[in-house]
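This report is meant for someone opening the structure for the first time. Please look over the sequence and the model below before reading on.

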Amino acid sequence: MHSDTRWPSLSPPGLTPSEVGFLCEMEHVTVIPRQTLDGLELLGGPTGALKPPFPTPLPLWLALLLKKQRRANITPPPWLSVEALTQILDFETDERTAELFSPSPDLPPSTTSAPLEGDPYLAHDSLELSAPFLKDTATARAQADALPYHWLEIGHLLITHAPDDFEDLDAVRKLLRDLREVRMSKLRKGFEVLDAGGGVKMNGVGGMEIAEVRGFVGGVVDGLRWVTD
Amino acid sequence: MAARLRGRPAHAPGPTYLSYTPNGKKLITVGVNGALRVFQHGSDNEPAIIDVLTDGHTAVASTNDFIVVGAEDGSVTKYSLLTNSMEEILVRCSLPVRDVSLSKDGEWVAVASDELEVKVVNTRDMTRIMHLRDQSRPVKHVSFDVSGSTLAVSCTDGIVYMYSLSSEQPQLIKRVDGLIKTLETDVEASAKVAWHPDGRAFAAPTATRARSDWQRQKAFSGGHRADISAAAWSPNGALLATAGVDKSLCIWETRSQRLLKSYDDVQNAILAIDWHPTDNVCSYTNNNGELFIREDFVPGEHAKHLRIALQPAPMNNDPLSEISGNARKQVGNGDKPNGVRRSAEDQYLDDLLGPDAMSEDEMDFIEDDDGAGYAEETNHVGKRTAVANGGRPAKRHAPFATWNPQVHEAFQPGSTPWRGDRRYLCLNMTGFVWTVNQDTHHTVTVEFHDRQEHRDFHFTDPYKYDKASLNEKGTLFSCRPSSQTQQRAVLYYRPHETWTTRTDWRTQLPAGEEVTSMSLSESCIVATTSKGYVRIYSLFGLPLKVYRQKSMPAVTCASWRDYVITVGNGSVGGDGTTRMLYTIDNIRRDELCQSEDVVALGEDTELRSVFFSDKGDPCIYDTEGVLLILLHWRTPGQAKWVPLLDTKTMDRLASGRKDETYWPVAVANNKFHCIILKGSDVYPHFPRPLLVDFDFKIPVSSFPAGAADDEDRDAAQQKNLEEQYVRASLQHSLASDLVDNTNATSAQKAEVPVMEREVDKALLQLLAAECREGEERGMKALEIAALMRDRTGKMLEAAGKIAARFQRDILGEKITQLAERRLVGLVDEEDM
């Protein structure tokens, strides 16, 4: 149809940073409720009942809402602690690993090895989850030594909206900024080798980082392709 | 003593230290600012001031003519007391100096800094310097003994290193491990070794206060409740003055290790104490730049102790450790936790060889002037000193005669000791109660986790409540009796919600009776008292029952609904400590569930907390970090303690980087809720730390979680399944116990089949793993199939399917046979 042919040229391909920022609010974080609340039946699935002081995982958007109303505290995920961020930053700036981005969280053990048909207790779907869909990347159970896909967005949101839940806010803020700058410069260094057939290894790069450079990289590659053609 | 004790502001607020010259004429203080002060003894005039270039002074030591001052910039400077001016910089360290100590002749000064090595510098010729390099971590304190030939080095790794400096080359003669606590170099708490003036013994603040005698003496007289920050022997060794970071100051009698006096008017933590060499004056400096010179320090009736001649150190085998507050008494020749004592082997050798065989000249300095014959006792390095007068060998065996058992301290679960001017009275899943010491009164604050349900409150507390218990319905407080105001022990209950105007009540205990622990449940109030009574009240203050506890003295109690668990000291076990016994009582039905059963604790392990889980099962947490739950406790004689979680084997500690322990709060939602304590902390402090929860993990096998290759991962997975099976079985039996013995709700009843299915699920997964391994594992697979709890046959059917899938036909056949026999009732659980 008419509109179909025009739309792609109007909106940039892929997700924009604001869309990524919106999607990250679906990630679960751990909250410590300050008052009771029954479980809610949400589109994204039911949430657990809130009963102080038991920590409960909730979608980030709901957690931020409750935080704003002072009905809950948010426990920052383990990777958002000063020690963990320092460790990750060390990895990023270490000479030996200077080429790499710090690895993303470990994948859950593979589930497709031995499916057993017709067995109610051992049955499982053969869906293998990976980066944006991993569970528990921002709850209190998250892996401490790896930045998850949405690290930048979640870190930013938590620092802005739940500053009193951090032990050492300024240090965390500073580390996040350092990390972002270090990784951004690595990405930029990768673009120096961009040409029509070039590639950059982007393992471990977060969603927001991709969204931020997508416009530029896409433009450069397209332009190069146009020039070489 | 003056009417009101007034500190002399000696320095800018901050850590301040002092030293008396050996002749007692001058007192030197150093602090954070760039001046030293020299007070004349017995004069109220302004002190002389030595202006210096350094600031942030951290240590001082003095002789009659000069003083040696260490500073944070790493310099150790010598100042003359004759001209009140600087003489020379003795040594420079690259890191802050933490302590200096002068030998008695003033010849050598030992310098502890944040560097690894200890430097011993000659005060007259600074080019002569000895380096002591055996420590692995920075040193916090150094301390010369009276002869100046032995140097005790308290290292931050928790070991006291003993160096002999008698030869040109310093020699490490002993590592005393496990005596002091691992402290950072800049904390207020001290690990300094204080040598007894007779040179054979020393006192040191110890690591495990739970086992220490400070704690025990507190039971009689209220000694220190927190780490020791300073200690000093009186010049003749008859008395010991100690100060704690909890702002306490105590005088102890050396001979009997009795607390003579405890001062409660100390406002800031004392960092250094020194006795005047001759007078009844003791001075101390605190962390606020103030100097206090206490005249008539020792109260009149005890002042005679100061006038007597040099007293022997209390060496009768153990009083030494009793003073250093570190060891519990030993009866056998077992492994002695106290490094100061001689090993059993030594003792055996000595018995064989006679008194002189093991003597060493090194310790000849002892002046056995009163002929008391104490010289044949062991000295601090566990060696026999030279015997000048033949001695009395029989005395060696004195400990066997004077032995007395070690009794467990009473404690209130969920409370912490004073730290600074505040402490938690109660910390649980409902909220927390904390109190602030305002000298004349306390202020108590109660905060709730659920801010919608309850409103936080705060009140001024003239009674100085020292225990509290909090639950959804109300708060219970109790205070100690006071001899000054004739106040008796009081229980005070304050419900959160009322529909009449006022329902809180107070009740007084009979005179002389003190609450040792108490507990509040949804239906009753329990208090154990110092007279050995268990007093039970209704929530409206009606006394319901009073009975005497069978095992006394009481240790602690906890309650849940109508169930009350009381823990007391029972008979003495083989290791010289009492066994803890518990009794579980249903007060409504007046039934004993368990009577005087043993609280299963390992050797050298203490009880940290007792509480009921949210499902109403008693749980204990011990100092080894193991959480145990009581199984089958509703049937008399059937109870057993089952470990739920060994926090030392948790995955988060596997890397070895984390140094943390856990302070138990609750067992709820099938999780262990606790507070993480970093480093050597024993109790949580302010600001209130976050609650953390951990899943249960029964210590079935130890297998590292982060296994590298696939084979390891498979094995780890297997161990995981095994643990899951044991845990599910435990939870199943807890749930079915509950349903069998109480009027269970339908939700509780529904839980039993769920747990049963969990057990079978774990078994099925184990079975699948066995089938995958191969045909030869068939026997084990069949055993697993036979363990299935399900009686409908569905589970065995599933098991058969798994066997078929892996083409284990024989196994499949056997499972089908088993299922058929079960279906017709041929195989019962007893047959298997």
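With which residue does B:Lys78 form a salt bridge? The partner is B:Glu87, and the closest N and O atoms of the two are 3.4 Å apart, where a salt bridge is a side-chain nitrogen of Lys or Arg within 4 Å of a carboxyl oxygen of Asp or Glu. B:Lys78 counts as buried at 7% relative accessibility, whereas B:Glu87 counts as partly exposed at 43%; here buried means under 20% relative accessible area, exposed over 50%, and partly exposed in between, with a 1.4 Å probe and protein chains only.

## Basis of the description

This is a predicted model, in which local features need pLDDT of at least 70 and side-chain atom pairs count only at pLDDT 80 or more, while totals for chains, interfaces and linings use all residues. Residues are numbered from 1 along each chain as its sequence is written, chains are lettered from A and ligands numbered from 1 in the order in which they are written, and side-chain values use heavy atoms, with hydrogens and water left out.

## Chain A as a whole

The secondary structure of chain A comes to seven helices and five strands, and along the sequence these follow the pattern α-α-β-β-β-β-α-β-α-α-α-α. Helices (H or I, at least four residues) and strands (E, at least two) are DSSP runs, numbered from the N terminus.

Chain A has 229 residues, of which 39% count as buried, and it exposes about 13,400 Å², with carbon and sulfur atoms supplying 58% of that area; accessible areas come from the Shrake-Rupley method with a 1.4 Å probe, and for residues only the protein chains shown count as cover. Among contacts in chain A between residues at least 6 apart in sequence, 68% join residues at least 24 apart, a contact being heavy atoms within 4.5 Å.

## Nonpolar cores

A nonpolar core is a set of buried Ala, Val, Leu, Ile, Met, Phe, Trp, Tyr and Cys residues joined through side-chain atoms within 4.5 Å. The largest one has 37 residues, and those with the most contacts inside it are A:Val31, A:Leu60, A:Ile74, A:Leu80 and A:Leu85. At least two residues of this core come from each of strand 1 (28-33), helix 3, strand 5 (72-75), helix 4, helix 5, helix 6 and helix 7 (207-228) of chain A.

Leaving aside neighbours within four places in sequence, A:Leu85 is in contact with several residues, including A:Trp79, A:Leu147, A:Val172 and A:Leu179. Apart from the largest core lies another, of 26 residues, among them B:Leu763, B:Ala768, B:Ala798 and B:Leu818.

## Salt bridges within and between chains

Over all chains, the count comes to 33 salt bridges. One of them joins the side chains of A:Asp165 and A:Lys67, at 3.2 Å from N to O. A:Asp165 lies in the loop between helix 5 (151-161) and helix 6 (169-191) of chain A, and A:Lys67 in helix 3 (residues 60-68), so the pair ties together parts that are 98 residues apart in sequence. A:Asp165 is buried, with a relative accessible area of 13%, and A:Lys67 is buried as well, at 10%.

Another salt bridge crosses between chains, from B:Asp695 in strand 49 (residues 691-695) of chain B to A:Arg141 in the loop between helix 4 (82-93) and helix 5 of chain A, with the closest N and O atoms 3.4 Å apart. B:Asp695 is partly exposed at 41% relative accessible area, and A:Arg141 is partly exposed at 48%.

## Aromatic rings in chain B

A search of the whole structure finds 19 aromatic pairs over all chains. Rings of Phe, Tyr and Trp (its six-membered ring) pair if their centres lie within 6.5 Å, and planes under 30 degrees apart count as stacked, over 60 as edge-to-face and the rest as tilted. B:Phe477 and B:Tyr492 form a stacked pair, 5.8 Å centre to centre with 20° between the planes; this pair links strand 32 (residues 474-479) and strand 33 (residues 490-495) of chain B, its members being 15 residues apart. Both B:Phe477 and B:Tyr492 are buried.

The rings of B:Tyr493 and B:Trp505 have their centres 5.9 Å apart and their planes at 40°, so this pair is tilted. B:Tyr493 is buried at 2% relative accessible area, and B:Trp505 counts as buried at 11%. In addition, B:Arg506 lies over the face of B:Tyr492, at 4.2 Å from the ring centre, given that a charge sits over a ring if NZ of Lys or CZ of Arg is within 6 Å of the ring centre and within 35 degrees of the ring normal.
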